[in-house]
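Biologist: Please show me the structure, and then take me through its ligand site and its enclosed spaces.

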Amino acid sequence: MLNTTAKAQLFSNLKTYFGYDSFRKNQELIVEAVLSKKDCLVIMPTGGGKSICFQLPALSLPGVTLVISPLIALMKDQVDGLNANGIPASYFNSSQTGEMQTHIIEQVLSAKIKLLYVAPESLAALQNILNETYISCVAIDEAHCISSWGHDFRPSYQQLGFLKKTLPNTPFIALTATADKATREDIVKQLRITHAKQFISSFDRKNIALEVRPANDRISQIVKFIKQKPNQSGIIYCLSRKNTEQLSKKLNTNGISAEAYHAGLNFDARSKVQEDFVFDKTQIVCATVAFGMGIDKSNVRWVIHYNMPKNIEGYYQEIGRGGRDGLKSHALLFHSYADVIQLRNFASGASNEEVQVAKLERMKQFSESVTCRRKILLGYFGELLADNCGNCDVCKNPPQFFDGTIIAQKILSAIYRLEQTESMGMVIDVLRGSQNANVLSKGYHQLRTFGIGKDISWKDWQHFVVQLINQGFCEIAFHKHNALQLTAFSNNVLFKQAKVALTKPIAVKDIKVADKKPKVKRTKSKPKAIASNLFERLRALRYKIALEENIPAYLVFSDATLKEIERERPLSDSDFLKISGVGQRKLEVYGDEFIAEISSFMNSKVKKPKKVDTWMETYNLYRAGLSIEEISIKRKLTLTTIYSHIAKLYGSGKAINIFDFVSPSEVEAVKKAKQVLDAPKALKPYFTYFNEELDYFKIRLALSVIEKK
Ligand code: ADP
Ligand code: ZN
C-alpha cells in the first residue's frame with residue numbers, strides 16, 4: 001500500500017500530466033502494485049486504458065521505464081502523445097541513426113527521460129543500460145505476442161525471457177487486450193513472472209453498438225449510413241483487394257471521399273493512406289484486414305464489414321478499432337451467404353480446414369442470431385453476460401416469432417422434390433415459380449412444389465431458409481456445390497407435425513437507428529444546431545494544430561475531450577483545466593487558442609462578430625493605463641489571450657510599447673531560431689528550441705516584432 005503522500009502525488013500527476021481526475025476500473029490497483037514493485041499481468045480490452053498503468057508509475061519512479069512494443073509506428077504515436085502531455089519520453093529502434101541512438105542512451109544514463117519505447121529486436125543494442133541503476137520498471141505491451149498460443153505470435157518477443165534475469169528486482173508489467181487462459185499462462189511463464197498479480201478486466205466494449213444486416217444492396221445502405229455520420233472516421237473491411245478498390249470508387253462517385261488500402265499497394269502508398277487516416281486527412285478507408293494493425297487512433301467512430309469475417313476473433317479485433325476513446329462507436333456487419341460459401345472454399349484444403357470451418361460456422365451463427373449478439377460474442381471468449389446488452393440490433397429490435405410450420409414444410413418439400421441437389425437460390429426460384437432458363441431447362445416447372453410460394457418475396461424466403469438452417473431443419477452441403485439437404489429433424493416437420501417458430505423479416509427501414517437523435521422541440525435559438533457548429537469549429541482547430549505540430553489530431557485532444565469542451569465552453573484557464581483530458585501542459589500550449597475559439601463562437605452568437613472588436617476592447621483598456629493582468633481580470637480572458645491581442649494590435653500598427661513585454665535580446669534570439677527552424681508556422685518548435693524556457697507569449701510577441709520589421 002502507498003502512503004497518503006505518495007497517493008496524493010499520483011492523483012496530482014494523473015491530472016497534471018494526463019488531465020484525468022479519476023482512475024478507471026483496475027487502473028489504480030495496477031499502478032499501486034507496480035509502485036510496490038510487484039510484477040503484474042494486465043488484460044484489458046482495447047481502449048480500456050492500459051497505457052496509464054505504466055505511464056503514471058513511470059513518473060514516480062526514479063529511473064526509466066522500459067516499454068517493449070512490437071511496432072515502430074505505434075511507438076512513435078505513443079511517444080508523441082507523452083510529449084504532448086509534457087512527459088519526457090523517447091523511442092529506440094533500428095530506423096534511427098547511430099548518432100540518434102547514442103543521444104537516446106545518454107538520455108537514459110542521465111535520467112533525462114521517464115519512458116523509453118523499444119522493439120524487442122533492439123534490446124541487444126541496449127545492453128549497457130539494461131541495469132537496475134537506470135531501469136525502474138519494464139512494461140511489455142501487446143504481451144500476447146510472446147505466446148505461440150496467441151493470435152499474433154512474434155518470434156522476436158521470445159527473447160524477452162532473459163530480461164527478468166538481468167533485472168530481477170525490477171517490477172514487470174505485461175499488458176494485452178486479448179489472451180485466453182492458455183495464452184495468459186504462457187505469457188507469465190515465458191517472461192518468468194509466474195507469480196505476477198493478474199488483473200483481468202471484462203472483455204466487453206459496451207460503447208460499440210453491434211448491428212448485422214442482410215447484404216442486399218450494400219452500396220446504397222453504406223452510402224446512407226455514412227451520410228448520417230458526416231465528418232466521422234470509419235473503416236470498411238472487405239474480403240478482397242478488388243473489393244476495396246471498387247467500393248472506394250463507388251463511394252467517391254456518391255460524393256463520399258474514401259481511400260482503398262490493401263497489401264497489393266506499395267509500401268509508400270500504404271503508409272500514406274494509413275498516415276492520412278491517423279491524421280484525420282482521410283476520413284474513410286476501404287481496406288482488407290491488413291489495415292489497422294498498429295493504428296492507435298482513438299476517434300474511429302464506426303467500422304463496417306462489407307464482407308463476412310472469417311472468424312469471431314478477427315471480427316472482434318476489427319470492430320475493436322472503433323471507439324477507443326470510450327465514446328459511441330457503431331459496428332455494422334453485412335451478412336451474406338455468398339461470402340460464407342466463398343470463405344468455406346478458401347478454407348477447403350487448408351491444413352487446419354476443420355478448425356477454420358468450425359470458426360466460420362460460429363461466425364455465421366453470430367450473424368444469424370435472434371438473441372443478444374453481445375452475449376454470443378462474449379460467450380465465445382468465455383465471458384458470460386447475465387443480462388441482454390441493450391446495445392445490439394437484436395436487443396433494440398427484438399424479433400417477433402410466429403408459427404412458421406407451413407412455410408417450413410414448403411421449403412423442406414421443395415428441397416425433397418429437388419432431390420437435395422440444388423442450392424438455396426434454385427430452391428427459392430422453384431418456390432416462387434420463376435420461369436428462368438435454368439429452371440425450365442431442368443424441367444423444375446413441372447414439380448409439384450413449383451410456384452407454391454409466389455406470395456412471399458425472394459428476400460423473405462431467404463430469411464426463412466436461413467432460419468431453418470440455423471435451427472437444424474436443413475443444411476448446406478458445402479462439398480456438393482452448396483446443395484440444400486434434409487437432416488434428421490426434417491422428417492419431424494414434414495411428417496410428424498412438429499411446429500416451427502420463425503421470426504419475421506425486419507425491413508432495413510424499420511430498424512431503429514442506434515444513435516438517432518432524440519426529438520427536441522425547436523426553440524427559437526436552436527441550441528442543438530449551435531452546439532454541433534461549435535464542435536465542428538473545435539474539430540477544425542484541433543486539425544489545424546495537429547498539422548502544425550505534425551502529430552495525429554487525437555493526440556492534441558481526444559474526441560471525448562473535445563466533446564466536453566463543446567459542452568462546458570470553458571472561457572478561463574481554470575475552467576479549461578477542469579476538462580477531462582486537459583493537463584497542465586495542454587492548457588499551456590493549446591488553452592489559449594481553444595478559449596479564443598469558444599469566445600469568438602459565443603460572441604458571434606450575440607451578434608458581436610468581429611475579432612477586431614475584442615482586440616479593440618483590450619486596446620482601449622491598455623490605453624487607459626491598465627496592466628495586462630488587470631485587463632485579463634476585467635475582460636475575464638486569460639493572460640495568454642490578452643498577450644495575443646497585444647501581439648495582434650502591435651502587428652496592425654497600434655501604439656503599443658512592445659518592449660515592455662519582451663526584451664530586444666529575446667527578439668534577437670527568436671529571430672535566430674526562426675532562421676534555424678526554417679520559419680515554422682506553429683509556436684511549439686520555438687518552445688522546444690528554447691528548451692521550454694521562453695514563454696509562449698514572449699515567442700508570440702517577439703514574432704510579431706520580427707514580422708513587422
Ligand atoms: P488501450 O491501450 O488499453 O487500448 P489507452 O491507454 O490508449 O487504451 O486508453 C484509451 C483511451 O482512454 C485514451 O483516449 C485515454 O486517454 C483514455 N483514458 C485512459 N485512462 C483514463 C481515465 N482514467 N480517465 C479518462 N480517460 C482515460
Ligand atoms: Zn444485445
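Modeller: The questions below concern the ligand, its surroundings and a cavity. This is a predicted model, in which local features need pLDDT of at least 70, side-chain atom pairs count only at pLDDT 80 or more, and totals for chains, interfaces and linings use all residues. Residues are numbered from 1 along each chain as its sequence is written, ligands are numbered from 1 in the order in which they are written, and side-chain values use heavy atoms, without hydrogens and water.

Biologist: How far is a backbone N or O atom of G47 from an oxygen atom of ligand 1?

Modeller: G47 is among the residues that come nearest to ligand 1. A polar contact is a pair of N or O atoms within 3.5 Å. For this backbone atom of G47 and the ligand oxygen, the distance is 2.6 Å.

Biologist: What share of the accessible area of ligand 1 does the protein cover?

Modeller: Accessible areas come from the Shrake-Rupley method with a 1.4 Å probe. On its own, ligand 1 has 560 Å² of accessible area, and the protein covers 82%.

Biologist: Which charged residues line the second largest cavity?

Modeller: A cavity is a set of points on a 1 Å grid over the protein atoms alone where a 1.4 Å probe fits but cannot get out, and lining residues have an atom within 4 Å of a point. Asp, Glu, Lys and Arg count as charged, and the lining has three such residues beside four nonpolar ones. From the lining, the charged residues are K297, R321 and R324.

Definitions and conventions:
A residue is near a molecule or strand if one of its heavy atoms lies within 4 Å of it. A polar contact is a pair of N or O atoms within 3.5 Å; within protein, one must be able to donate a hydrogen and the other to accept it, and residues adjacent in sequence count only if both atoms are side-chain atoms. On a 1 Å grid over the protein atoms alone, a cavity is a set of points where a 1.4 Å probe fits but cannot get out, and a pocket is an open set with protein on both sides within 12 Å along at least five of seven lines; lining residues have an atom within 4 Å of a point.
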